[in-house]
Amino acid sequence: MMKLTKKTHACIRLEKGGQTLVIDPGSFSEEDAALGADAVLITHEHLDHFNEDRLRAALDANPAAELWTTRSVADQVSAAFPGRVHAVGHGDTFSAAGFDVQVYGELHAVIHPDIPRITNVGFLVDGSVFHPGDALTVPDQQVETLMLPVHAPWNKISEVIDYVREVNPRRAIDIHDVLLKELARPMYDMQIGNLGGAEHGRLAPGASTDL
C-alpha cells in the first residue's frame with residue numbers, strides 16, 4: 001500500500017515501506033515540503049515546481065537522499081551533491097527509495113507561441129501514480145491515479161477533461177491548483193467529475209489518502 005499526501009500546489013509526497021518520495025516541491029508549496037524525503041523528483045525548472053534553496057536543504061538534511069530530474073535542473077545542483085543527482089528523460093526507468101519510476105514526456109505545454117518551450121518530464125511511480133508536471137502527457141500503459149493539473153496559464157477546463165478521458169485512470173486527484181479560487185472549485189469539480197469519465201477528487205494541503 002502507498003500513502004499519498006497532497007502538499008500545496010503541484011507537490012505530492014508518496015510513502016511506502018518507511019521510505020518517502022517527494023515530487024515537485026516548488027516555491028508555492030510548503031517550505032518543508034521536501035524535508036524528510038529519501039528521493040526527490042522534479043518535472044521541470046519553473047519556480048512553482050523547483051525551489052533550489054529548499055531542495056538543497058532537503059538534500060543536506062538527508063545525506064542519502066537523491067534527486068532525479070531534467071538536465072536543466074540537474075545542472076544547477078549536481079556539483080554540490082556528487083553522485084546524488086540524476087538527469088533523466090523520456091523512456092528512462094529507475095528505482096528511487098524503493099519506488100519504481102518510469103519517465104514520460106519531453107516538453108512543457110505551450111503557454112504562448114512566443115514563449116520558448118522548456119523540457120518537462122512526467123513520472124509514473126510503481127506503475128500506478130502518474131504526475132505529468134506541466135504537460136498533458138499520456139503514458140502508454142494504464143494509470144490507477146492521475147495527478148491532474150487543473151488550473152494553469154497553459155490549460156483550460158475542456159483540455160483538462162479531455163486529458164482525463166484520454167489517460168482513463170481509475171481516479172484523478174487535483175494538483176496545480178494554488179491559483180484556482182475556492183469560488184470556482186465547485187464548477188471544476190462538477191464538470192471534471194461529470195465529464196471526465198473517472199473518479200475525481202481533491203485533497204486539501206496536508207491531507208492524505210491510501211492508494
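Here are some friendly questions and answers about the aromatic pairs and nonpolar cores of this predicted model.

User: How many aromatic pairs does the model have?
Analyst: Rings count as a pair if their centres lie within 6.5 Å. By this rule, the number of aromatic pairs is 3.

User: Are the rings of Trp68 and Phe94 stacked or edge-to-face?
Analyst: The ring centres of Trp68 and Phe94 are 5.0 Å apart, and their planes meet at 5°. Planes under 30 degrees apart count as stacked. So the pair of Trp68 and Phe94 is stacked.

User: How many residues apart in sequence are the parts that Trp68 and Phe94 tie together?
Analyst: Trp68 belongs to strand β5 (residues 66-69), while Phe94 belongs to strand β7 (residues 93-96). The pair therefore links parts of the chain whose separation in sequence is 26 residues.

User: Is Trp68 buried or exposed?
Analyst: A residue is buried when its relative accessible area is under 20%. Trp68 has a relative accessibility of 7%, so Trp68 counts as buried.

User: Which residues form one aromatic cluster with Trp68?
Analyst: We have already met Phe94 as the stacked partner of Trp68. The cluster also takes in another Phe, so alongside Trp68 it holds Phe94 and Phe123.

User: Is the pair of Tyr104 and Phe130 stacked or edge-to-face?
Analyst: The centres of these two rings, Tyr104 and Phe130, are 6.1 Å apart, with 85° between the planes. An angle over 60 degrees is the sign to look for. The pair is edge-to-face.

User: Which strands hold Tyr104 and Phe130?
Analyst: Both residues are buried. Tyr104 sits in residues 99-104 and Phe130 in residues 129-131, so their pair ties together strands β8 and β10.

User: Which residue lies over the face of Phe99?
Analyst: A Lys counts as over a ring if its NZ is within 6 Å of the ring centre and within 35 degrees of the ring normal. Over the face of Phe99, at 4.8 Å from the ring centre, lies Lys16.

User: Which strand supplies the largest share of the largest nonpolar core?
Analyst: This core has 24 residues, and those with the most contacts inside it include Leu14, Phe94 and Phe99. Several strands, among them β2, β3 and β7, each give at least two residues. The largest share, 3 residues, comes from β8.

User: How many residues does the other core with Tyr104 and Phe130 have?
Analyst: This core lies apart from the largest one. Leu124 and Ala172 are also among its members, and its size is 19 residues.

Note on methods
Residues are numbered from 1 along each chain as its sequence is written. This is a predicted model: local features need pLDDT of at least 70, side-chain atom pairs count only at pLDDT 80 or more; totals for chains, interfaces and linings use all residues. Side-chain values use heavy atoms; hydrogens and water are left out. Rings of Phe, Tyr and Trp (its six-membered ring) pair if their centres lie within 6.5 Å; planes under 30 degrees apart count as stacked, over 60 as edge-to-face and the rest as tilted. Helices (H or I, at least four residues) and strands (E, at least two) are DSSP runs, numbered from the N terminus. Buried means under 20% relative accessible area, exposed over 50%, partly exposed in between (1.4 Å probe, protein chains only). A nonpolar core is a set of buried Ala, Val, Leu, Ile, Met, Phe, Trp, Tyr and Cys residues joined through side-chain atoms within 4.5 Å.
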